[in-house]
Amino acid sequence: MTCGAAGRAALLTAALLAAALPAGAAEGTAVFRLCMACHAIARDTGQMTGPSLWAIVGRPAGSVPGFAYSPAMRHSGIVWDEDTLDRFLADPRRVVPANRMAFPGVRRAEDRRALIDFLKQAPR
Ligand code: HEC
């Protein structure tokens with residue numbers, strides 16, 4: 001599959017998710033566009049820059065089988081819940097120093113809230 005096709009597939013997935021989710025989730029879908037270059041939330045995303053965010057809320061950090069995490073992420077001891085995700089997404093470098101996610105964070109608390117709600121509600 002070419003990059004262009006993958007990109008279109010990702011956009012289509014976001015559009016379908018937006019249609020399938022309850023009202024209010026659309027905002028989270030919009031914020032998730034910031035993540036889509038590197039992450040998908042399907043269970044098996046194939047080769048991407050970041051690990052799948054499938055069922056991320058409730059699982060330990062660094063637990064997607066086969067993904068080459070940084071030692072920092074693998075040994076962070078974090079279990080992702082609303083609180084740890086909120087803190088990580090506000091400032092990834094501070095919460096998990098030396099992690100490999102090249103992303104500065106989501107500054108607005110409302111955006112993080114919408115995003116985390118979206119991740120919680122995503123089909124699994
Ligand atoms: C430039 C690519 C990139 C972008 C953009 C990005 N990430 Fe990441 N993300 C990564 C990589 C790479 C890792 C693995 C980091 C490591 O192993 O240190 C990661 C790890 C994570 C993890 C930990 C996953 C796990 O299995 O423990 C979460 C949660 C996460 N990202 C959420 C997000 C969210 C939400 C966004 C959008 C707001 C986002 N990321 C944007 C590349 C990215």
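Here are five short exercises on a predicted model, each with a worked solution.

**Exercise 1. Get an overview**

Count the helices and strands of the protein, and find what share of its residues counts as buried.

*Solution.*
- Start with the elements: the protein has six helices and zero strands.
- Next, read them in order. From the N terminus the pattern is α-α-α-α-α-α.
- Now look at burial: 22% of the 124 residues count as buried.
- Finally, turn to the contacts between residues with a separation of 6 or more. Of these, 44% join residues 24 or more positions apart.

**Exercise 2. Explore the nonpolar core**

Find which residues of the largest nonpolar core touch the most other members, and which helices each supply at least two of its residues.

*Solution.*
- The largest nonpolar core holds 19 residues. Val31, Leu89, Leu115, Phe118 and Leu119 are the ones that touch the most other members.
- Three helices each give this core at least two residues: helix 2 (25-32), helix 4 (82-90) and helix 6 (109-121).
- Helix 6 provides the largest share, with five residues.
- A general tendency is worth remembering here: in soluble globular proteins, nonpolar side chains tend to be buried together.
- Take Leu89 as a case to trace in the structure. Beyond its neighbours within four places in sequence, Leu89 is in contact with Gly105, Val106, Arg112 and Leu115.

**Exercise 3. Look along two helices**

Work out whether the length of helix 6 agrees with 1.5 Å a residue, and how the buried residues of helix 4 are arranged around its axis.

*Solution.*
- Helix 6 has 13 residues, and at 1.5 Å a residue they should span 18 Å. The end C-alpha atoms are 18 Å apart, so the two values agree.
- The buried residues of helix 6 are Arg112, Ala114, Leu115, Ile116, Phe118 and Leu119.
- In helix 4, the buried residues are Leu85, Phe88 and Leu89.
- Viewed down the axis of helix 4, these residues fall within an arc of 95°, so they line one face of the helix.
- The spacing rule helps here: an α-helix has 3.6 residues a turn, so residues three or four places apart point the same way.
- Among the elements that cover the buried residues of helix 4 are helix 5 (92-95) and helix 6.

**Exercise 4. Study three loop residues**

Locate Ile78, Ala55 and Ala98, and decide whether each is buried, partly exposed or exposed.

*Solution.*
- Recall the cut-offs: 20 or more other C-beta atoms within 10 Å means buried, 12 or fewer means exposed, and anything in between means partly exposed.
- Ile78 sits in the loop between helix 3 (71-74) and helix 4. Ile78 has 16 other C-beta atoms within 10 Å, so it is partly exposed.
- Not counting residues up to four places away, Ile78 touches Ala61 and Thr84. Between Ile78 and Arg59 there are 8.8 Å, C-alpha to C-alpha, although they are 19 residues apart in sequence.
- Ala55 belongs to the loop between helix 2 and helix 3. Its 16 C-beta neighbours inside 10 Å make Ala55 partly exposed.
- Ala98 is in the loop between helix 5 and helix 6. Ala98 has 10 C-beta neighbours inside 10 Å, so it counts as exposed.
- Now check the backbone. Most residues other than glycine have a negative phi. Ala55, however, has a positive phi of about 50°, and phi of Ala98 is near 70°.

**Exercise 5. Visit the ligand**

Find which residues come nearest to the ligand, and what kinds of residues make up the shell around it.

*Solution.*
- There are 27 residues around the ligand, and Cys35, Cys38, Gly50, Ser70 and Asn99 come nearest.
- Sorted by kind, the shell contains 19 nonpolar residues, seven polar and one charged.

How values were computed
Residues are numbered from 1 along each chain as its sequence is written. This is a predicted model: local features need pLDDT of at least 70, side-chain atom pairs count only at pLDDT 80 or more; totals for chains, interfaces and linings use all residues. A residue is near a molecule or strand if its C-beta atom, placed from the backbone, lies within 6 Å of it. Ala, Val, Leu, Ile, Met, Phe, Trp, Tyr, Cys and Pro count as nonpolar, Asp, Glu, Lys and Arg as charged, and the others, Gly among them, as polar. A nonpolar core is a set of buried Ala, Val, Leu, Ile, Met, Phe, Trp, Tyr and Cys residues joined through C-beta atoms within 7 Å. Helices (H or I, at least four residues) and strands (E, at least two) are DSSP runs, numbered from the N terminus. Two residues are in contact if their C-beta atoms, placed from the backbone, lie within 7 Å. The expected span of a helix is 1.5 Å times one less than its number of residues. The arc is that of the directions from the helix axis to the C-beta atoms.
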